[in-house]
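Grab the sequence and the 3D view, and let's work through a few exercises together. Each one has a task, followed by a solution in steps.

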Amino acid sequence: MAQKPSIPKGTRDFSPEEMVKRNYIFDAIRQVFQHYGYLPIETPAMENLSTLMGKYGEEGDKLIFKILNSGNYFSEFKKDEELLETKKQGEKVFTKYISEKALKYDLTVPFARYVVQHQNEITFPFKRYQIQPVWRADRPQKGRYREFYQCDADVIGSNSLINEVELIQMIDDVFNRLNIPVIIKINNRKILSGIAEAIGEAHRIIDITVAIDKLDKIGIEGVNNELRENGISKEAIEQLQPLITFQGTTIEKIIFLKQLLSDSAIGLKGIEEVEYIFRTVSMIANIESEIELDISLARGLNYYTGAIFEVKANAGTLSSSICGGGRYDDLTGIFGLPNMSGVGISFGADRIYDVMNELNLFPTAITASTKLLFVTFGETEQNYCLPLLKKIRKAGINAEIYPDAGTKMKKQMSYADNKKIPFVVIIGSDEMQSGMLTLKNMVSGEQEKITIDYLIEKLK
RNA sequence: GUGGCCAUAGUUCAGUUGGUUAGAAUAUCGGUUUGUGGUACCGAGGGUCGUGGGUUCGAGCCCCAUUGGCCACCCCA
């Protein structure tokens with residue numbers, strides 16, 4: 001008995017209709033990347049586990065899909081007792097014996113690995129883009145998949161904040177092209193460090209920022225509770241209050257922060273960077289997206305050190321981010337290439353798709369691929385069509401012929417209809433005698449007899 | 001890793017306080033119509049009711065377990 005087929009949790013098949021729409025997104029992003037001088041690379045689906053582990057924090061390590069070693073991994077253990085002993089040390093240690101490869105979790109870390117490995121072939125600053133799937137062993141839910149595409153653009157080997165400004169422009173360009181209204185939130189890790197420093201909890205920066213990050217979700221009381229539960233001192237939480245609750249324009253926020261962080265060198269540096277970014281972006285007249293300095297924006301990935309970005313759709317029901325990124329000063333350092341700062345952004349193509357689908361933002365014109373179908377009555381007619389078909393294709397028109405000769409006309413017509421092919425050429429004995437083609441417009445239903453040359457002219 | 005909801009045809013769903021042979025719509029295929037699709041009419045195939053146990057004379061329906069899906073938390077694109 002045939003088993004019912006299925007695919008793993010959190011993965012999806014894509015139909016032709018969906019792929020056409022997905023490619024529309026990929027094309028838009030790719031074009032923007034190329035406009036700004038980024039070049040494509042690809043890296044393998046799998047990396048050495050050691051390359052990925054420890055780069056995404058405690059939580060991230062758990063979400064990495066590990067690949068089981070091939071062969072007999074029990075051979076490592078000479079005696080059963082050794083196996084038991086290793087098991088006792090916990091799954092983290094045990095994993096090393098049975099898995100040494102993993103599916104990539106994002107594109108940034110493999111990129112850092114790539115840069116280190118190919119450092120002598122690369123001209124810096126290196127601007128690369130990469131559009132590939134990544135995998136996370138997360139529990140799927142709305143807008144969250146276990147296999148999804150990231151579209152990354154990163155500059156590595158340049159400290160200039162111009163890069164940050166350009167990345168913001170690219171975000172704006174992409175979402176303008178796709179017609180999605182977005183809000184771009186910007187913050188800086190140095191400001192967050194400064195805050196942690198100012199309230200005397202410098203080493204707790206991660207816990208503090210993660211809690212603050214949830215402000216609009218769980219409210220000020222929720223944030224304070226979480227801080228308390230994480231063992232942040234009462235005084236520190238107290239000092240944090242004016243900051244969390246502060247409302248105002250970007251300029252007001254900057255002035256406020258300058259006062260608050262006046263004793264923190266790193267904090268002031270962060271403010272300076274943010275100020276530059278906002279000033280420069282505002283000099284570029286045609287940024288259409290809403291841009292906001294969001295002091296509560298933290299972003300989980302540990303490797304960020306400077307600017308951090310997050311983009312959310314300003315319409316629709318998806319509340320999670322559709323694009324994110326930031327600057328990382330020493331991601332390549334772990335692989336042996338220190339002092340190489342990079343900054344990048346990552347578009348979540350699948351979430352962008354969900355937003356566009358919900359808001360009906362896909363142009364209807366993109367669905368049609370074949371423009372013309374040849375409908376015939378038999379093998380003789382089919383053979384007659386083949387040279388015509390070649391000529392039409394050579395003229396750059398997407399065309400096909402119904403492959404099974406002698407199929408009922410009704411069926412051939414339904415095929416065209418289902419495939420949304422806008423034009424059909426019908427070839428029977430009449431047409432073969434007269435040398436004219438019967439062209440049917442499938443939308444209006446109108447029919448006319450025309451020559452091959454006129455047909456090409458018309459459909460071009 | 002924690003919690004909530006759900007599981008019946010390819011798909012979306014009906015299915016009475018537990019009662020004979022589990023239905024509809026849609027999709028697919030065929031026919032009405034051997035030179036005309038999208039509309040209409042007729043017909044066909046398609047189900048171990050997620051899986052395993054239990055209660056009962058009898059379970060799609062009740063109970064337990066398990067698997068899978070969706071959603072929320074955590075975290076993230």
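## Exercise 1: a chain of strands

Strands β14 (residues 423-427) and β15 (residues 437-441) run antiparallel and are joined by four bridges. Before going on, note that this is a predicted model, where local features need pLDDT of at least 70, side-chain atom pairs count only at pLDDT 80 or more, and totals for chains, interfaces and linings use all residues. Residues are numbered from 1 along each chain as its sequence is written, chains are lettered from A and ligands numbered from 1 in the order in which they are written, and side-chain values use heavy atoms, with hydrogens and water left out.

Task: find which residue is the bridge partner of V425 in β15, then carry on into β16.

Solution, step by step:
- V425 has L439 as its bridge partner in β15. (Strands pair if DSSP finds at least two bridges between them; strands are DSSP runs of E, at least two residues, and helices runs of H or I, at least four, numbered from the N terminus.)
- β15 also pairs with β16 (residues 447-450), antiparallel and over four bridges.
- There, L439 is matched with E448.
- Five residues sit between the strands in this β15-β16 hairpin, and G445 takes a positive phi near 85°.

## Exercise 2: the open sheet

Task: work out which strands are the edges of the eight-stranded sheet, and where helix α1 lies.

Solution:
- Read the order first: β1-β5-β6-β11-β10-β9-β7-β8, an open sheet with mixed pairing.
- β1 (39-40) and β8 (290-293) each pair on one side only, and these are the edges.
- At the β8 end, β7 (residues 182-188) pairs with β8 in the parallel sense over four bridges, and K185 stands opposite E292.
- Now add α1 (residues 16-35): the helix lies across β5 (126-135), β6 (147-156) and β11 (342-348), and runs at about 5° to β6. (Axes are lines fitted to C-alpha atoms, for helices over the stretch in contact; angles run from 0 to 180 degrees between N-to-C directions.)

## Exercise 3: two helices

Task: describe how α9 and α10 cross, and which residues meet.

Solution:
- The axes of α9 (residues 205-213) and α10 come within 7 Å, crossing at roughly 145°.
- From α9, D207, I208, V210, A211, I212 and D213 meet L215, D216, V223, E226 and L227 of α10. (Contact means heavy atoms within 4.5 Å.)
- Sort them by class and you get seven nonpolar, no polar and four charged residues. (Ala, Val, Leu, Ile, Met, Phe, Trp, Tyr, Cys and Pro count as nonpolar; Asp, Glu, Lys and Arg as charged; the others, Gly among them, as polar.)

## Exercise 4: rings and backbone oddities

Task: decide whether the Y56-Y105 pair is stacked, edge-to-face or tilted, then look at P125 and N360.

Solution:
- The whole structure has 14 aromatic pairs. (Rings of Phe, Tyr and Trp, its six-membered ring, pair if their centres lie within 6.5 Å; planes under 30 degrees apart are stacked, over 60 edge-to-face, the rest tilted.)
- For Y56 and Y105, the centres are 4.2 Å apart and the planes at 40°, so the pair is tilted.
- Y56 and Y105 are 49 residues apart, so to speak a link between distant parts of the chain.
- The F124 to P125 peptide bond is cis, with omega near -5°; P125 is in the loop between α6 and β5.
- N360 is not a glycine, yet has a positive phi of about 60°.
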